[in-house]
Amino acid sequence: MLKGAKHIGVAMSGGKDSQVMLYLLNKITKPMKIKLTAILVDEGINGYRDKIIPEAKKLTSELGIPLHIVTFKDLVGHSLDEIMSMDKKDRIESSCTYCGVFRRYALNNAAKKLGVDRLAIGHNLDDMIQGYMMNMMRNENLLFRFKPTGGAVEDDRFIMRIRPLFKIPEKELALYAVLKGFKSVFVECPYVGEGFRPLVRDFINSTESKYPGTKFKMLQNYIETGKKVSESFAASNSTEKKINSCEKCGEPTSGKICKSCRLIDQLRIKRKV
Amino acid sequence: MYGVTYINSFCVYSLVDSFYGDFVKCIINEKPRSIKFKGTVKELLGKLGLNEQIVLVKLNGTIVTELDEVSDKDTVEIQKVILGG
C-alpha cells in the first residue's frame, strides 16, 4: 500500500476510525519519510460534524500533521442540512447518497490540489463487508470496487486509494481508541435512519454474534472473488473499462456526466469549485 | 441501595442484592431500569437487547470480554461505540 508513496492524504472525519488510522499511519510513515496531510470534509451537519471537528484539530495538532478542511458549502454552495431542508420534489435522493457522492468528490478534489499520491480511507472490516452486501443486494455493477488498494478501474486521473484498516473489525478500533485515550466523540449522524446500511449492519452483527467468524469469512470471500472478477474484467473488452472526462467538471467518469454533477443538476444548484 | 452514576459517556449498571436475588439497575438515555440478572456479560447484553458487536463493556473499571462473569455488587459500564455516520 505504501510502496513508492511520498505524500499521503488521510481522509479524516475526527471519529475513532480516522483517529486510529492517522495515529498509526504517522507511526509507520515517519521513519519512511512519507509526508501526511489530513483532509476533513465538513458536510455541514449541525450537532454532528461540528462536535467531531475539534477532535480532528486536536489530534492533528498534537501529531504535527497539517489539516486541510473542505466544506460542502464551499464546494456546492449548500451544506447537507440545507440540501435536506429543500423541497422533497427537488431532492429525490437520500441524504446518504448526496453525502457519499459529494464527499468522494470533495476528497478527490482536495487530494489533487494538495498533490498527494495516495488517499487513505478509514474503511474498516465492517465497512468493507457492509458495502459488499449492500452492493450485492442492489445488484451494483461495481460490486468489487472497495478493494484494499485502488478501485474497480485503474486510471491516471484517479488518485490511488488505500484502506489500511480493512482487516480490522470496527469494535477493535473502538477498543484501541479507548485504550489509547483518544477523545473520540461517540455521536450518531442524525440522517443515519434514512440509509440502507443500518439494516445490513444489524443483520451482519447479529449473524456474527451467533456464528463467530462470519465477518472474516465474508471479507475473505470478497477478496478472493473480487480478485477473480478483476482479472476477468481486465481481460475483457468491457465498455465499462473506458473512463471519460465529465463534460461539466472534467472529473473521470464512466458516462458523459459524473454522478456529482448529475446530483447538482437535479438540485438546481451551482458547483463552486 | 442502587448505586447509579455516569462515568464519562459510559452508561453505568450497578448490581445489587435484593430480596428476590441479583438485580441490575441501568440507565439508558437517562431512564433508569432494573432487571434481575446473574451470568456472563454476553447474557447481560442479551437481556438488555444489546449486541456485543456494538458495545464496549467495563467491569469494575476494566474492559472485559463478553465471556466474563458478572456477580452482584460489580459495577458494569456499557458504552455503545458503533454508531451510524
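How many salt bridges does the rule find across the interface of chain B and chain A? One. Before the details, a caution: this is a predicted model.

So, that salt bridge. The partners are K171(A) and E66(B). Their closest N and O atoms lie 2.4 Å apart. Polar contacts add to the picture: seven residue pairs across the interface of chain B and chain A, both residues at pLDDT 80 or more.

Where on chain B does this surface come from? Two elements give two or more residues each to the side that touches chain A: β6 (55-59) and β9 (75-80) of chain B. By residue type, that side of chain B splits into seven nonpolar, five polar and four charged.

Now the extent. On the chain B side, 16 residues are in contact, and they meet 19 residues of chain A. The size of an interface is often given as the accessible area lost when the parts come together. Here chain B and chain A bury about 1,500 Å² between them. Carbon and sulfur atoms carry 58% of that buried area.

Next, chain B itself. Its secondary structure comes to one helix and nine strands. Read from the N terminus, the order is β-β-β-β-β-α-β-β-β-β. Chain B has 85 residues, and 47% of them are buried. Take the contacts in chain B with a separation of 6 or more: 41% of them join residues 24 or more positions apart. The accessible surface of chain B is about 4,600 Å², with 53% belonging to carbon and sulfur atoms.

To close, back to the interface: one salt bridge by the rule, and seven residue pairs in polar contact, both at pLDDT 80 or more.

Terms used: Residues are numbered from 1 along each chain as its sequence is written. Chains are lettered from A and ligands numbered from 1 in the order in which they are written. This is a predicted model: local features need pLDDT of at least 70, side-chain atom pairs count only at pLDDT 80 or more; totals for chains, interfaces and linings use all residues. Side-chain values use heavy atoms; hydrogens and water are left out. Contact means heavy atoms within 4.5 Å. Buried area is the accessible area (1.4 Å probe) that two parts lose on being put together, summed over both. A salt bridge is a side-chain nitrogen of Lys or Arg within 4 Å of a carboxyl oxygen of Asp or Glu. A polar contact is a pair of N or O atoms within 3.5 Å; within protein, one must be able to donate a hydrogen and the other to accept it, and residues adjacent in sequence count only if both atoms are side-chain atoms. Helices (H or I, at least four residues) and strands (E, at least two) are DSSP runs, numbered from the N terminus. Ala, Val, Leu, Ile, Met, Phe, Trp, Tyr, Cys and Pro count as nonpolar, Asp, Glu, Lys and Arg as charged, and the others, Gly among them, as polar. Buried means under 20% relative accessible area, exposed over 50%, partly exposed in between (1.4 Å probe, protein chains only). Accessible areas come from the Shrake-Rupley method with a 1.4 Å probe; for residues, only the protein chains shown count as cover.
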